[in-house]
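Okay, everybody, grab a coffee and let's have a look at this one together. I'll put the sequence and the structure up and then walk through a few spots.

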Amino acid sequence: MKISINRLKDFIALNQSPEEIADLLTSSGLEVEGIELFESIKGGLEGVVIGEVITCGRHPNADKLSITTVDIGDGVVPIVCGAPNVANGQKVVVAKEGATLFPVSGESFEIKKAKIRGEVSQGMICAEDEIGIGESHAGILVLDTYLPNGTPAAEYFKVVRDHVLEIGLTPNRADAASHLGVARDLKALLKKEICIPSVDNFKVDNTNKIIPVEVASVEDCPRYAGLTISNIMVGPSPEWLQNYLKALDLDPINNIVDITNFILHDLGQPLHAFDADKIIGGKIIVQKLPKDTPFVTLDEKERKLSGEELMICDEKGGLCIAGIFGGKGSGVSDTTTSVFLESACFSPDVIRKGSQFHGLKTDASFRFERGTDPNMPVYALKRAAMLIKELAGGEISSEVIDVYPVPVEDLVIEVSYANIHRLIGKEISKEEIKETLENLDIRFVGETEKNITVSVKPYRVDVTREADVIEEILRIHGFDNVPLSENLNSDYLAEHPAKDLNKLQYRLSEVLSGLGYFEIITNSLTKPIYAEKSGFLNPANNVEILNKLSEDLGVMRQSLLFSGLEVLAHNINRRQKDLKLFEFGTVYFKEEERYREEKRLALFLTGDKAAESWLEPSKAVAFPDIYSTVELVLEKLGIDNVEVEIIHAAPFDYALLLKLGTKELGTIGVVQEKIGKLAEVKQEVLYADLNWDLLAKKSKGLKKYSEISKFPEVRRDLSLVIDKKTTFDEIKKTAVRAGGKLLQRIGVFDVYQGEKIDADKKAYALSFFLQDTENTLTDKIIDKTMSRLIQSFENEVGAFIRK
């Protein structure tokens, strides 16, 4: 359950930090599992300011780019801009160097100083979709404002910041399933009064549209209230209401539905709005319908009724599964002009059965299943009606209908002082007991020397006996304030289990074995000559053995390369030339007077991919074969954001250096011929050397697979002509940023260099696979994503898209 601190402050005066409020609630039994920062614009536009374009000219190396200088308040900076509408004198939104942007679609990205087609750019002039305030990417935002340059954009766009508490609500605390409920607990903890919005100004405008109500079963529906509001205008909710709902992870729908959701989370009372003109016969009947009666719910699914669920009906049939889910035919739409607003109290048993039978769990059923306040429906109804008049216009066109034949009485409980002290474990003063209970809305109705008699309101469905009242006193007094007996002790606290590195290594070994690799275990002792003649190992770093078995095994190895090459040589000499090997091993170094060791993972490939066969000719292993294996290892371990750099250094003819931030993860490459000959290997060897200690530390555990999405995947192809120096890694990073979560993977099905394009160019034929795991992609979304990819390729890597 989510609780907005901003809204909580409307009920009770709070000057504590979100963390302090969370600690207070957790200590009282409302466990706060997390605190989230909500911003009406994601990222809060941190580092984004109002700027003014001072100069604007065409980019000398790109027809579609402009070079601008922009005054951002604390200086004038150069910015390369690709928008067609940028011009001198404009007030614009500028993301400064170091700012992080959260676009409407795609992943967040940081603004860095860069050179774009040879020109320095120190910031970004933003379009509305790039800062998360709209869908348009047609051009930059041009503002009509007199705010000085350098003014934070958050001030211009009135960004709302809120802290949202995630409360793990236990089943017995139905009373706390709202902002009002949480405020009641804070009232007792802080000894402050709470403020409940007044409905004294509620008034009926006319009685032109009365819809009577008939309740067939009082046991299933102890109270049912409603009223009619006519001549309303359905439309979007105001920004304050939309932000409130978004903070609670709810999607705004329209002003009428949003108000019912607002009341539900504010007061804990579910409401439902019917289109009054769709109520056949002008009458509401609360009853059960026969088993197997078909009913179409708001999600457009036809459901067969069990005959046990309660239904809200008109003279024709069902309008709503009471307390659970509305019907398609009676809901509020854009054309609705009159609504019948329902506020009821239903039996928890009948709601629970209906919810379980249909597999429907809604915010309303969550509360009704646990028990709602039978005294709240009329107040909530009036509060909602006043908000609807304020936000949607209209007039209240009926008296409040309140079917409440058997009012629920407060529960009277007798509690003994002796039991309070015995169950809590310490003596608490009578004054504190009285003050605590009164602050919890539990009234005193009698007292003797030994006992007190209290009256508990029906919204506290969990307080029904003496022990429950004592628990209320204890949780407000504080569990931490009760001293432990000397007979109770604990010698340790449980901790999270440490990551099992052996299990991780074993599981990854299974993965590599499944790819056809054989594991090897080689000697940690090696020849000193390898370090002396390799050109990349320092002999001074050798760890020498004091009591050597032989000169050939006189030092500890600094690399797994040579021990692996020796295994290759042994097998090749015995006519086993096609080899795929891996080893988890330790390497050792002496640095001045200290010793250091590292765990590494080595991969070796040599010979042909597969044995010669009539099915297909033999083909030698190539660099992509070992690179794809390393990619799979990283994917299985859940390691991403790996940066790739091309290097030319021993022991490789050419190689890729993998980095995680500033740390080197490993290298992949083709071993130099002279290095192979040191171990008597005369055929080409592909070798990957990975830092297993770093891999294990950064690993999120072996990847777990989820069910294949039921929504189809879409493929789109592009042909890009780019500079020869541009790497595929740059293209991939650009695509990932622009494609966002819809881009599942990228494929290369052709690379071309030749007479048909310039000598300094190359062409990539790429396939992009798009998929939404929650919805079927529409042509509009696909086209928008591909347009964003094309624009990013043109602006960021200078690509020409071949049509």
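**Hairpins, helices and a sheet**

Let's start at a turn: strand 21 and strand 22 form a hairpin with 3 residues between them, and Gly323 in that turn has a positive phi of about 70°. When I say strand or helix, I mean a DSSP run, E for strands with at least two residues, H or I for helices with at least four, numbered from the N terminus. Before I go on, this is a predicted model, where local features need pLDDT of at least 70, side-chain atom pairs count only at pLDDT 80 or more, and totals for chains, interfaces and linings use all residues. Residues are numbered from 1 along each chain as its sequence is written, and side-chain values use heavy atoms, with hydrogens and water left out.

Back to the hairpin. Strand 21 and strand 22 run antiparallel and are joined by 2 bridges; two strands count as paired if DSSP finds at least two bridges between them. Cys320 has Gly326 in strand 22 as a bridge partner. On the other side of the story, strand 20 (residues 311-313) pairs with strand 21 (residues 318-321), antiparallel again, over 3 bridges. Those two form a hairpin as well, with 4 residues between them, and Ile312 is bridged to Cys320 in strand 21.

So what about the cysteines: how many disulfides are there? The count comes to 0, taking a disulfide as a pair of cysteine sulfur atoms within 2.5 Å. Cys320 is in no disulfide, and the nearest cysteine sulfur, on Cys313, is 9.4 Å away. Is Cys320 buried or exposed? Buried, because its relative accessible area is 2%. The cut-offs here are under 20% for buried, over 50% for exposed and partly exposed in between, with a 1.4 Å probe and protein chains only. Cys195, at 49% relative accessibility, counts as partly exposed.

Now slide along to Thr336, in the loop between strand 22 (325-326) and strand 23 (339-345). Thr336 is buried too, because its relative accessibility is 2%. What does its side chain have a polar contact with? The side chain of Asp275, at 2.8 Å. By polar contact I mean a pair of N or O atoms within 3.5 Å; within protein, one must be able to donate a hydrogen and the other to accept it, and residues adjacent in sequence count only if both atoms are side-chain atoms. A polar atom of the Thr336 side chain also lies 2.9 Å from the backbone nitrogen of Ser333. Leaving out residues up to four places away in sequence, Thr336 touches Ile232, Val234, Asp275 and Gly331, where contact means heavy atoms within 4.5 Å.

Next, helix 13. This one covers residues 501-514, so to speak 14 residues, reaching 20 Å from first C-alpha to last, close to the 20 Å expected at 1.5 Å a residue; the expected span is 1.5 Å times one less than the number of residues. Its buried residues are Leu504, Gln505, Leu508, Ser509 and Leu512. Seen down the axis, those buried residues fall within an arc of 140°, so they line one face of helix 13. The arc is taken from the directions from the helix axis to the C-beta atoms. As a reminder, an α-helix has 3.6 residues a turn, so residues three or four places apart point the same way.

What do the buried residues of helix 13 pack against? The partners are strand 29 (518-519), strand 33 (579-591), strand 34 (594-606), helix 16 (623-636) and helix 18 (692-698). The face turned away from the buried side carries the exposed residues Lys503, Tyr506 and Gly514. Just after helix 13, Gly516 takes a positive phi of about 95°.

Strands 29, 33 and 34 turn up again in an open sheet of 7 strands, with mixed pairing and the order 29-33-34-38-37-36-35. Strand 29 and strand 35 (643-647) are at the edges with a single partner strand each, so one side of each has no neighbour in the sheet. Further in, strand 36 (residues 652-660) and strand 37 (residues 663-671) pair antiparallel over 8 bridges. One of the bridges there puts Leu660 with Lys663.

Last helix for today: helix 2 (residues 18-27). Its buried residues are Pro18, Ile21, Ala22 and Leu25. They cover an arc of only 100° around the axis, which puts them on the same side of helix 2. That buried set packs against helix 1 (5-11), strand 2 (32-39), strand 13 (161-167) and helix 4 (179-190). As for the residue that follows, Gly29, just after helix 2, has a positive phi of about 110°.

That's my tour, so over to you.
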